[in-house]
Amino acid sequence: LLQRKRSKPTIPPRSNAGYWEDGHPRNDAVQALKYGELSQWKKDNNYHQRSLSETAMYRYKQLISPKLSLRDYDAQVGEALAGVKAMNKVIRLGMPVRQVVN
């Protein structure tokens, strides 16, 4: 599926991973793992974006609900957008206010 969409997989391999066929993009990650450079590989491939999105979904599910209650697709989209708007408002209320100290 990734090859069809011309995407590069950014899935870190397991600790005992082996190489796949020559030229496979996963081999870069396996090589980084074997040489102890997996953290640099994650930085090079923006792997932290996955962590940010997973954290956002966790917050949404904890604050709003793990399920959508409406059945109609358009209604579910509206429900999700309303939940995101409410979540953003709650998060914004908890942010500190910066003031210049003279």
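The exercises below, each with a worked solution, go through a predicted model of a protein.

Residues are numbered from 1 along each chain as its sequence is written, and side-chain values use heavy atoms, with hydrogens and water left out. Because the model is predicted, local features need pLDDT of at least 70 and side-chain atom pairs count only at pLDDT 80 or more, while totals for chains, interfaces and linings use all residues.

**Exercise 1. Find the secondary structure of the protein, and decide whether the protein is spread out or compact by the globule rule.**

Solution. Begin with the elements, where helices (H or I, at least four residues) and strands (E, at least two) are DSSP runs numbered from the N terminus. The protein has four helices and zero strands, and from the N terminus on the order is α-α-α-α. Next, take the radius of gyration over C-alpha atoms and set it against the globule rule, which is 2.2 Å times the number of residues to the power 0.38. The radius of gyration is 20 Å, well over the 13 Å that the rule gives for 102 residues, so the protein is more spread out than a compact globule. The C-alpha atoms fill a box of roughly 55 × 50 × 25 Å along the principal axes.

**Exercise 2. State how the protein is divided into domains, and how far apart the domain centres lie.**

Solution. The bounds come from an automatic or database domain assignment, which gives domain 1 as 2–46 and domain 2 as 49–94. Taken over C-alpha atoms, the centres of domain 1 and domain 2 are separated by 31 Å.

**Exercise 3. Describe the surroundings of helix H1, starting from His24 and ending after the helix.**

Solution. His24 is found in the segment before helix H1, which spans 26–34. Here buried means under 20% relative accessible area, exposed means over 50%, and partly exposed lies in between (1.4 Å probe, protein chains only). His24 counts as buried because its relative accessibility is 14%, and its side chain reaches the backbone nitrogen of Arg26 at 3.1 Å. Within H1 itself, the buried residues are Arg26, Asn27, Ala29, Val30 and Ala32, and what covers them includes helix H2 (38–44). After H1 comes Gly36, whose phi is positive, near 75°.

**Exercise 4. Determine whether Leu38 is buried or exposed, and list its contacts beyond its neighbours within four places in sequence.**

Solution. Leu38 lies in helix H2, and its relative accessible area of 18% makes it buried. For the contacts, which mean heavy atoms within 4.5 Å, leave aside the neighbours within four places in sequence; Leu38 then touches Pro12, Pro13, Ala29, Ala32 and Leu33. Ala29 and Ala32 are also among the buried residues of H1.

**Exercise 5. Locate the aromatic pair found in the whole structure, and work out which class it belongs to.**

Solution. Rings of Phe, Tyr and Trp (its six-membered ring) pair if their centres lie within 6.5 Å, and planes under 30 degrees apart count as stacked, over 60 as edge-to-face and the rest as tilted. The search finds one aromatic pair, formed by Trp41 and Tyr47, with 6.5 Å centre to centre and 40° between the planes, and this pair is tilted. Trp41 counts as buried at 8% relative accessibility, and Tyr47 counts as buried at 17%.

**Exercise 6. Place Asn46 in the structure, and describe its phi and its exposure.**

Solution. Asn46 lies in the loop between H2 and helix H3 (48–63). Although Asn46 is not a glycine, its phi is positive, about 55°. With a relative accessible area of 45%, Asn46 is partly exposed.

Note on methods:
Polar contact = N/O pair within 3.5 Å; in protein donor to acceptor, adjacent residues only side chain to side chain.
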